[in-house]
Structure formats: C-alpha cells, structure tokens
Amino acid sequence: MEIARVTPGPKETKLRTLFLKYLAAFCLGTIGLALLLALIFMGLLFSGVVLPADYAEKQVEDVKSRLTAGQEVRLDLPSALYQYAKYTVDGKLLEHSLSAKQSETAWKRMENGQARGYSFLYHYTKVTHGQEVYIFRYSLAAQFNLEPLRRLMPSAELAFFVLFCILFLLQAVLLASSFGRKLARKMSGLQEATQRIQEQELNFAIQYSGIAEIDQVLRSMDQMRDALKNSLEQQWNLERRRRAQISALAHDVKTPLTIVRGNVELLSETEQSDEQREYTEYIAQSARQMEAYIKTLIEITNTETTASYQPVNLDLKEFIHTLEAQMQALAAVKELTVEVHFVGALPDELYADPGLLERALMNVIANAMDHTPAKSKITLSVEAAGDRIQFRVTDEGPGFSPEALKYATEQFYMGDPSRRSNGHYGMGLYITQFVAQLHGGELHLANSQVTGGGEVTMEVPVYP
C-alpha cells in the first residue's frame, strides 16, 4: 500500500490572525455603519425631513410671545410638536391636547409659580394671559416632519438608534456565519484525513488548510498514518507468513500421516492378539484424529483467504431447496423433523458466493443437529428484512450457555467437550461469522423463546 506524501501547502496563517481579521472587519463595519447612519441623519436634517431637537421649543416660544402680545393663536395645529392645556387661574381645565390625567399632572407640576419645569423626557413651560393659564409640554428630540412618521416614530433619534442596532446585529450574524463557513472549509481536510485513517484508507494526499494550528495537527496525523501503515503491513505480512506456515506444515504432515494410517490398516489385517489389536486400534484412531486436525487447519487457512470470495446472482429459492435436501439427509440419521419457513416477500435473487454461503449455513445446521435430541425438530426460517435476508436456524436442544453466547464465534471455542467426538474443533460458528462478514452481513446467537434451544441467525444483504 503506497502512501502519498504531503506536499507543501500555502503560506500558513495563525488562527488568531484569522480571528483578528474578522474582528477588525467587524469593528470597521460598525464604525462605517455608525458614520453612514449619521450622514443620512444629517442629510435628512438639512432636507427638512427630520426636524431639529429644539424645533418644538421654538414653536412653544413663538406661541408664548404671541399669546403675551394678545394675538389670536390656534394651538391645535397639525404641525405642532407640543401638547398643551388651557386653565383658569384657579386650575379649571378649559381646553387641552393632553389627556385629562396629563393635564392634571402638568398643573400640579407648575402650580408653585415657576415658569419652567422638567420630568422624564418632557419639558414644561407656563404662560399667563389675563384670566387664562397655558401650560405647554414638549420634548427636546429630533422628530420627523411628516405627521404619519412622527406618529409611528415619535423620536427620529430613537428610530435611527433602533435601525443601527438591527444593522449591527445583522452584520454580526453575517460575519460570524462567514467566519464559521471559512473555518469549516479549513477543517474539511482534517475531517477527511480523520475519516480515511479511521477506515484504514491510507492512500490519499493530505490537503493543507493554510491555518498553522490545523496544519500542525495534519502533520501529526500524517506521522500517525505512516505508523499505522507500517503496523498494518507488519501485521499483514505476519498473518500471511502464519497462514503459509500452517498450510505448508499441514501438507507436509499429510504424507507421513497417510503412510502411518496405511500401514496401520495393513497391520490390522494381520494375525494379532487381543492386546495388539487394541493397540493397533488406538494408533488408527489417533491417526484419524490427526487427519481431522490437519483438515481443520487447512480449512482455517482457506476460509480466511478473501480471494476465494466469488459472489454471483444466485437463485434464492433453488438455493434454499438445496439446503433443505441436505438437511433432510442429515436429519435421517437421528430421525429429526426438518421444517423450512419463508417469511415475507423474498427476492428472486441473492448476490452471494453460493459455495461459502452454503458451507456457512450447513455449519450452523450441522451444529444444531448435533445438539438436538433424537426425534425432535430443526427449523430453517428465511425472512426478508428490508434490504437483507435472514437465515434463522432453531433447534430444540439445551440452547447456548451464557458463556457460549459470548465466545461461541471465536476460533477453537469448545463450550461443549462432546463436540470433539463428533469431529468439531470449535470452528463452525467462527467460519460462519467470517462468511457473513465477508458478505457485509452479521451473525447473531440467541436462545429461542419458543423451543428453548439454540437460535442462530445469519443476516446478509440482498445486494452489496
């Protein structure tokens, strides 16, 4: 497996430098926004759309001077920026644009003889003409010249401040979003490298981000990738040598073992005493066991070689009928009953290696028959589960022990010593799980809630 070297990336920038750039842009944007709104406000003042803050005060002073001069004055003009209340000298309300409560408050505030007063947001001034007293209330704030705008937004300054706050928040959101997107783009190389290393896909080129802190992590990940690559290569070479040694040893031992077994068979045909015949049988039995061991070793080596995986589109129902025929043949020895159930709408074809799949399922079926009492029942259930097929084998035996549920799929696990006498060496479920995983599926062990016996489910996808 060849690993692409990391090529020099662009000039690196510190993460804090990138952050400071955005912060500077945010500050400059805020200052620019404030200046722009100030210029717009000044333009509206010069054009007369917005009236100056002392406009209402000048209106009040003009009305006061005219009242003092005895002129007839209309106080409730639409253009008036003030509110007023007209009283008799003893405080009886005659006319007002203030509400009755506001008029009462204004009289109490000004009845001590002072000509001017102030409360929150509003200024008050009083003028007496003959037997009539006028109190005016106004605010020193810029206001819009148009009455509809003035009624909607009494203070132009407050309206511009609210507008500034809205634009300020909008700017903050846009800059934060831009910074987040840019940082995410810079982090994409790191995320891709992490995912590929996790999946052990080590033949890829690391993409530099241009951010010093991120690139430093990427360089560390590159070193980790090299170390992982070397470790995987060593592990693979060791495993390959182990398999080769096992295979070579097994084939080398077969020849002298065949000679031993042949000579034992010839020896058993000669005249022997009872004691000699017993010893000869011991030798023959041991030779047969050794042949079974060697067969198991070769089986392990061949099973773990994924090059033998040759999937095709096999006819699912025909495949199941083949399994059923083999089950019937095996079941006849112990007078077992075999049942095959189809659950759901099964597809016509299954993409799998027919040889490996049949071998894996027959391992499960044979194991179930070995642990099922005579004249009981073995059930094979084939169920469509979404885009997967489940082959479920259920027996009526004693079921799996808690220890077996954990370790039965491991190599050479011998939870039940009696299996050894049947020619099993703890490889059946291990091989079945390997074949299931080779097809992209899974193997599940459980005890049936119906029969109490073992329940082994092999689940494989219909298509890869």
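Two strands count as paired if DSSP finds at least two bridges between them; strands (E, at least two residues) and helices (H or I, at least four) are DSSP runs, numbered from the N terminus. By that yardstick, strand 5 (residues 122-129) and strand 6 (residues 132-138) pair in the antiparallel sense over seven bridges. The model is a predicted one, so local features need pLDDT of at least 70 and side-chain atom pairs count only at pLDDT 80 or more, while totals for chains, interfaces and linings use all residues. Residues are numbered from 1 along each chain as its sequence is written, and side-chain values use heavy atoms, with hydrogens and water left out.

Within the pairing of strands 5 and 6, T125 has F136 of strand 6 as its bridge partner. Both strands belong to an open sheet of five strands in the order 3-2-6-5-4, with antiparallel pairing. Strand 3 (93-96) and strand 4 (116-119) are the edges, each pairing on one side only. From one strand to the next, the twist averages 20°. Helix 2 (residues 55-68) packs on this sheet and touches strand 4, strand 5 and strand 6, contact being heavy atoms within 4.5 Å. The direction of helix 2 makes about 170° with that of strand 6; axes here are lines fitted to C-alpha atoms, for helices over the stretch in contact, and angles run from 0 to 180 degrees between N-to-C directions.

On to the rings. A search of the whole structure turns up nine aromatic pairs. Rings of Phe, Tyr and Trp (its six-membered ring) pair if their centres lie within 6.5 Å, with planes under 30 degrees apart called stacked, over 60 edge-to-face and the rest tilted. One of the pairs is F41 with F160, edge-to-face at 5.1 Å centre to centre and 80° between the planes. Because F41 lies in helix 1 (residues 15-47) and F160 in helix 5 (residues 156-198), this pair ties together parts that are 119 residues apart in sequence. F41 is buried at 14% relative accessibility, and F160 is buried too, at 13% (buried means under 20% relative accessible area, exposed over 50%, partly exposed in between, with a 1.4 Å probe and protein chains only).

Y87 and W107 make a tilted pair, 4.8 Å centre to centre with 45° between the planes. Y87 sits in strand 2 (residues 83-88) and W107 in helix 3 (residues 100-110), so here the parts tied together are 20 residues apart in sequence. Both Y87 and W107 are buried. F19, Y22 and F179 form one aromatic cluster.

Further along the chain, strand 14 (residues 454-461) is mostly covered, with eight of its eight residues buried. G454, V456, M458 and V460 point one way from the strand, and E455, T457, E459 and P461 the other. Strand 12 (residues 388-394) pairs with strand 14 in the antiparallel sense over seven bridges, with I389 bridged to V460. Strand 13 (residues 442-447) also pairs with strand 14 in the antiparallel sense, over six bridges, and H444 has T457 as its partner. Strands 13 and 14 form a hairpin with six residues between them, and G452 in the turn has a positive phi of about 80°.

As for disulfides (cysteine sulfur atoms within 2.5 Å), the structure holds zero. The sulfur of C27 is 16 Å from its closest cysteine sulfur, in C165, too far for a bond. C27 is partly exposed at 38% relative accessible area, and C165 is partly exposed at 29%.
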